[in-house]
Amino acid sequence: MSKDVAFIYSEDQLSYKFSKDHPFNHLRLNLVHDLLKKLNAISDDQIVKPRMATDEEIALIHDKSFIDAVKAAGKGELSIGIANNYGLGTEDTPMFENMHEAAALLVGGTLTAVDLVMENKVEHAVNLGGGLHHGFRGKASGFCIYNDSSIAIEYMKKKYGARVLYIDTDAHHGDGVQWAFYDDHDVCTFSIHETGRYLFPGTGHVNEKGQGEGYGYSINIPLDAFTEDESFISAYETAFREIIEFFKPDVILTQNGADSHYFDPLTHLCSTIETYRFIPKLAHDLAHEYCNGRWIAVGGGGYDIWRVVPRAWSMIWLEMTNQLHLAKGPLPQAWLDEWQAKAPVSLIPTWEDPSDLYPAIPRKPEIVEKNLKTVEKALYHIRREMKTQS
């Protein structure tokens, strides 16, 4: 295995599948893996198979009664009434065969990445099958059964005594992770997302700052609908740089939902692929500046699995391996030939999006100004603390 990086992947991760028509479709993992292979950007010795998380590891965050309910649901032994009490059997999170095993494998993939990084076997590791940030202690939510990021953070705290900075760039607020560590001063969560006025889960407001010993360690930047690249990137970079200087973590865990893109069918933001080029670049730079390179990345949302997710998530790996220069110009023709016949839409044939991706946003100046004010409010407490310390 390369001493620098690890790509956690197995086709077994595709067993996390609610139904044929459900928007959460881990076929996107195959699309990303195949794109990297056809780009000659990944070697077999860099790919590590995920392990299955144990019940004890899952119970670092989730109640035993919930774990038991998930197991029963996966065997067809849970009534719909009881299932609904646990957030299962809903339109968002239907029950399916062996759902405990499928969800535990995604958690185990993230824990595999954690151990490789924290034991200094690699500097960076990515498990794109993870990033299920909506799961709660006793309830599934928003396509997420077990919350692998929360489990990984608690695991890092207990096993490695680590202070963890969690960065969530999914268009949906990282609610499950935030609430799990809302009173914890050894975990700092930063979520930049579309405002909950329009979008599930409806949380992630600027005034959600943590409580007790955790006050000031939850930071949210809810962006206005139709936010474009420049405003998103500016808010992300400004906040990330100030937060990491304030918190000084031992390790960075980034959740990389790719659903802020204009093409995503479930959100209302207007990012292009350029945002997804920049997101991992900054994380990579700051991991080396503050954490001796310790950076773990997981996936998350991303519901245009054909035109957006393969390009966006490939850039995480390309950045980790200092190969981002490969993400220019045409995509590999062999990849386009392989997948176009299976895709219900015309694939974007280049790494870049078309210049005329969408019409001009008439409210752009107003949106930019509103986002600037949101950033000011979100960072007020940190700026005050840093000023006091100096």
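No disulfides, defined as pairs of cysteine sulfur atoms within 2.5 Å, are present in the structure. The model is predicted, and local features need pLDDT of at least 70, side-chain atom pairs count only at pLDDT 80 or more, and totals for chains, interfaces and linings use all residues. Residues are numbered from 1 along each chain as its sequence is written, and side-chain values use heavy atoms, with hydrogens and water left out. Cys144 has a relative accessible area of 3% and Cys270 one of 2%; both are buried (under 20% relative accessible area, with a 1.4 Å probe and protein chains only).

Pockets were located on a 1 Å grid over the protein atoms alone, as open sets of points where a 1.4 Å probe fits, with protein on both sides within 12 Å along at least five of seven lines; lining residues have an atom within 4 Å of a point. The largest pocket has a volume (the space filled by probe spheres set on the points) of about 170 Å³. It is lined by 18 residues, of which His134, Gly142, Phe143, His172 and Tyr303 are the closest to its centre. Eight of the lining residues are nonpolar, eight polar and two charged, where Asp, Glu, Lys and Arg count as charged, Ala, Val, Leu, Ile, Met, Phe, Trp, Tyr, Cys and Pro as nonpolar, and the others as polar.

The second largest pocket holds about 150 Å³. Its lining has three nonpolar, three polar and four charged residues, including Arg197, Asp224, Lys370 and Lys377. Helix H12 (364-389) and strand S6 (218-223) each supply at least two lining residues, and H12 gives the largest share, three residues. Helices (H or I, at least four residues) and strands (E, at least two) are DSSP runs, numbered from the N terminus.

Technical notes
Buried means under 20% relative accessible area, exposed over 50%, partly exposed in between (1.4 Å probe, protein chains only).
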